[in-house]
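Visitor: I have a structure to look at and would like to learn how its labels are earned. Could you take me through it?

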Amino acid sequence: MNTAEWDQMMTAFCDMATMLAKYRDELLTQGFSREEALRLVVEYQKQALGPKK
C-alpha cells in the first residue's frame with residue numbers, strides 16, 4: 001500500500017468515525033440509553049465493515 005492509498009484509507013476511517021459519533025448522539029437524543037446506543041453503533045459498524053457475502 002502506498003502513501004496515497006494509506007492516506008485515503010485513514011480519511012475514510014475518520015469520516016466513518018465522525019458519522020458513527022453523530023449516529024450515537026442522535027440515538028441518545030431519541031431516548032436510547034448509552035448502552036443501547038453503543039450496541040446499535042457497534043452493530044451498524046459490523047454491518048458496514050464486515051465481510052461481504
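Visitor: What percentage of the 53 residues of the protein chain count as buried?

Guide: The share is 11%. Keep in mind that this is a predicted model.

Visitor: What makes a residue buried?

Guide: Its relative accessible area must be under 20%. Take Met16, which lies in helix α1. Its relative accessibility is 16%, so Met16 counts as buried.

Visitor: How many helices and strands does the protein chain have?

Guide: There are two helices and zero strands. Helix α1 covers residues 3–29. Helix α2 covers residues 34–49.

Visitor: Why is the chain called more spread out than a compact globule?

Guide: Set two values side by side. The radius of gyration is 14 Å, and the globule rule gives 10 Å for 53 residues. The chain is well over the rule, so it is more spread out than a compact globule. The box tells you about its extent too: the C-alpha atoms fill roughly 45 × 25 × 10 Å along the principal axes.

Visitor: How far apart are Met16 and Leu28 in sequence and in space?

Guide: They are twelve residues apart in sequence. From C-alpha to C-alpha, the distance is 18 Å.

Visitor: How much accessible surface does the protein chain have, and what part belongs to carbon and sulfur atoms?

Guide: The surface comes to about 4500 Å². Carbon and sulfur atoms account for 58% of that.

Visitor: Which residues form the nonpolar patch on the surface?

Guide: Met1, Trp6, Met10, Phe13 and Leu49 form the patch. Together they have about 570 Å² of accessible area. Helix α1 gives the most to this patch, with three residues.

Visitor: What makes Phe13 fit for a patch?

Guide: Phe13 sits in helix α1. A patch residue needs over 30% relative accessible area, and Phe is on the list of nonpolar side chains. Phe13 has 43% relative accessibility, so it passes that cut-off. The value lies between 20% and 50%, so Phe13 counts as partly exposed.

Visitor: Why can side chains of opposite charge pair?

Guide: They can pair when their charged atoms come close. In this chain, the count comes to three salt bridges.

Visitor: How do you know that Asp25 and Arg24 form a salt bridge?

Guide: Check the distance from N to O. The value is 2.8 Å. The cut-off is within 4 Å, so the pair qualifies as a salt bridge. Asp25 is partly exposed at 36%. Arg24 is also partly exposed, with a relative accessible area of 23%.

Visitor: What makes Glu35 exposed, and how is Arg39 classed?

Guide: Exposed means over 50%. Glu35 reaches 58%, so it counts as exposed. Arg39 has 48%, so it stays partly exposed. These two form a salt bridge, with their closest N and O atoms 2.9 Å apart. They are four residues apart in helix α2, separated by about one helical turn.

Visitor: Why is the contact of Lys46 with Glu43 called a salt bridge?

Guide: Their closest N and O atoms are 3.3 Å apart. That is within 4 Å, so the contact is a salt bridge. Both residues lie in helix α2, three residues apart, which is about one turn. Glu43 is partly exposed, with a relative accessible area of 37%.

Visitor: How far apart are the mean positions of the positive and negative charges?

Guide: The 7 positive and 8 negative charges have mean positions 6 Å apart.

Methods:
Residues are numbered from 1 along each chain as its sequence is written. This is a predicted model: local features need pLDDT of at least 70, side-chain atom pairs count only at pLDDT 80 or more; totals for chains, interfaces and linings use all residues. Side-chain values use heavy atoms; hydrogens and water are left out. The radius of gyration is taken over C-alpha atoms; the globule rule is 2.2 Å times the number of residues to the power 0.38. Buried means under 20% relative accessible area, exposed over 50%, partly exposed in between (1.4 Å probe, protein chains only). Accessible areas come from the Shrake-Rupley method with a 1.4 Å probe; for residues, only the protein chains shown count as cover. Lys and Arg count as positive and Asp and Glu as negative; His and the chain ends are not counted. The place of a charge is taken as NZ of Lys, CZ of Arg, CG of Asp or CD of Glu. Patches are made of residues with over 30% relative accessible area and no salt bridge: like charges are joined within 9 Å, nonpolar side chains (Val, Leu, Ile, Met, Phe, Trp, Tyr) within 5 Å. A salt bridge is a side-chain nitrogen of Lys or Arg within 4 Å of a carboxyl oxygen of Asp or Glu.
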